[in-house]
Every structure is written in C-alpha cells, then in structure tokens.
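Let's walk through this model together, one question at a time. Have a look at the sequence and the coordinates before we start.

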Amino acid sequence: MGAAPAMRSRQTDPRITAALGACSLLERMGDEFTARLADASQLKPLRRGEMLFLQGDRSCDLYIVATGRIRLYRTSPEGAEKTLAVLSDGDVFGDLSAIDGLGRSAAAEAMTESQVVQVRARSFMMCVEESPTLAVRLIRRLAEMLRETDESLDLLAFADARTRIASALLKSGTPSGRVTELTHRDIAAIASTARETVSRVIAGLIDAGVLGVDGRDYCILDSQALRDLGSN
C-alpha cells in the first residue's frame, strides 16, 4: 500500500486567506502561492494604541492589514512625530525591511482595534524570486512609494498649510469618503502643521460644505473641491 499523502500541520485560518486575497500586491497570484504564503503567516490582534514595531527595530516580516487601521510614522531625535500613512484593510507594509533585511524605516501603531497578517520575510521573498508577476508588482509598488515621497516633499516645500491638510484628508479617507479615527493632532502630524491650524482649516471646510461631521468621523462631501485644494 502506498504512503498516505502528507497532511498540512495546521488548518489555515480563513481570515489569513481573506486578507491575502484582499491585498492588491498578491491578488490573483494563484492557489499555490496563496497557500504557501498562508502557511508562512500568522494573524496578530492589536489593541488600540499598541505598537507593532518601532523605527529602527531589527525585524523584517511583511504585514497586511486584515481589519482596523494602522499608522506608520517617523520620530525625530527631538521626539517630534511625522505620520507617513494611515493604512486600512488590504494594505501592505513592512516590505522594505523584508527586501533588504535592514531596520524598520518607520514605526507602526494600531489606531483602532486591529488584526494584521504577519508573513515571514523569507517565504515572501522566495515567492518574489519565483514569480515574475509578483516581482513586477513589487517594483511598481516601490516606484509608487518613491513618487509619493517626492509629492510629499513638494507639498512640504511649496504648499501652504491648507493645501497640505486637504491632501492629508484625501489620503486618509476611505473609498466611500470617510475619514475615521483621526484626531486633529493626527492630521497635523500628516500635514506637518500645527493642530490649531488644522482645527481652523477643517472648520472652514465644514462651513463651505466640503466636509461633514458624523460623530467622531469626517465625511468628504465635495471630493473635487478637496482635490482642487490638495493640488494647489
């Protein structure tokens, strides 16, 4: 009698598979790659305010947001924080350290109760080496990150605070136009301006009908007007 086929050591959590499938970097990669990455992954729950890693940490795994919102930020030697991005379901982060094995370029903090999928860097990079499609997607993602950095530098160097705040709201909004779980301090950190300035600009946007308020969230009511402000 032939040997029985090898069984997986554990059943893959369907939440991991769903998160991998929702990530644009990994979508339609095929069952084999998805299964390999799922086997190399674990689901990590995070409390609001919990740190996933700190700037400079010597860790290199890749992460995908399953649920919740994750803030990436850098800290100056004087302790000032600069928010780089607010991530939500399906967003990937930590890929720079997965590629070069160096320390984290930013810190990652849960803004809400969240779950992230932690993918082992070695398994991810093996898939990149074997899949030209995944390699090209990763190159395009890095190019997009570089362009976003250039745009952020332009905003910081040439744009006024109102323009930077409008851009921060657009980047932080969901596809449906909601800006959730962001305080004026958070928006100020993204826009590199003072919290008092954010309060004044947002009040003006509400008066103009560009933004609405729903509890602790903002709703983008006139996305074109906000885009016009963000590109000035």
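Q: Which residue's side chain does Y218 join through a polar contact of 2.6 Å?
A: First, a word on the ground rules: this is a predicted model, where local features need pLDDT of at least 70 and side-chain atom pairs count only at pLDDT 80 or more, while totals for chains, interfaces and linings use all residues. Residues are numbered from 1 along each chain as its sequence is written, and side-chain values use heavy atoms, with hydrogens and water left out. A polar contact is a pair of N or O atoms within 3.5 Å; within protein, one must be able to donate a hydrogen and the other to accept it, and residues adjacent in sequence count only if both atoms are side-chain atoms. The partner of Y218 at 2.6 Å is H184.

Q: Why does Y218 count as buried?
A: Y218 lies in strand β11; strands (E, at least two residues) and helices (H or I, at least four) are DSSP runs numbered from the N terminus. Buried means under 20% relative accessible area, exposed over 50% and partly exposed in between, with a 1.4 Å probe and protein chains only. Y218 counts as buried because its relative accessibility is 10%.

Q: Which residue of β11 points the same way as Y218?
A: Strand β11 covers residues 217–220, and all of them are buried. D217 and C219 point one way. On the other side, Y218 is joined by I220.

Q: Which residue stands opposite Y218 in the pairing with β11?
A: Two strands pair if DSSP finds at least two bridges between them. Strand β10 (residues 211–214) runs antiparallel to β11 with 4 bridges, and there G212 faces C219. Strand β9 (residues 178–179) pairs with β11 in the antiparallel sense over 2 bridges. The residue opposite Y218 is V179.

Q: Which residue in the hairpin of β10 and β11 takes a positive phi?
A: The hairpin has 2 residues between its strands. The positive phi, near 65°, belongs to G215.

Q: How many residues of helix α7 are buried?
A: Helix α7 spans residues 184–191 and is mostly covered. Its cover includes β5 (81–87), α6 (161–172) and α8 (195–207). Among the buried residues are D186, I187 and I190. The count is 6 of 8.

Q: Which element supplies the largest share of the largest nonpolar core?
A: A nonpolar core is a set of buried Ala, Val, Leu, Ile, Met, Phe, Trp, Tyr and Cys residues joined through side-chain atoms within 4.5 Å. The largest has 25 residues, and L26, I64 and F124 touch the most other members. Elements supplying at least two residues each include α1 (14–22), β3 (62–67) and α5 (132–158). The largest share, 5 residues, comes from α4.

Q: How far apart are the C-alpha atoms of Y218 and F124?
A: Leaving aside neighbours within four places in sequence, the contacts of F124 (heavy atoms within 4.5 Å) include L26, L37 and L138. Counted likewise, those of Y218 include I202, I206 and L211. The two residues are 94 apart along the chain, and their C-alpha atoms are separated by 37 Å.

Q: Over which residues is the pLDDT below 50?
A: pLDDT is the predictor's confidence in each residue, from 0 to 100. The protein averages 88, and 95% of the residues score at least 70. Where pLDDT is low, the predicted coordinates should not be read in detail. The stretch below 50 is residues 1–9.
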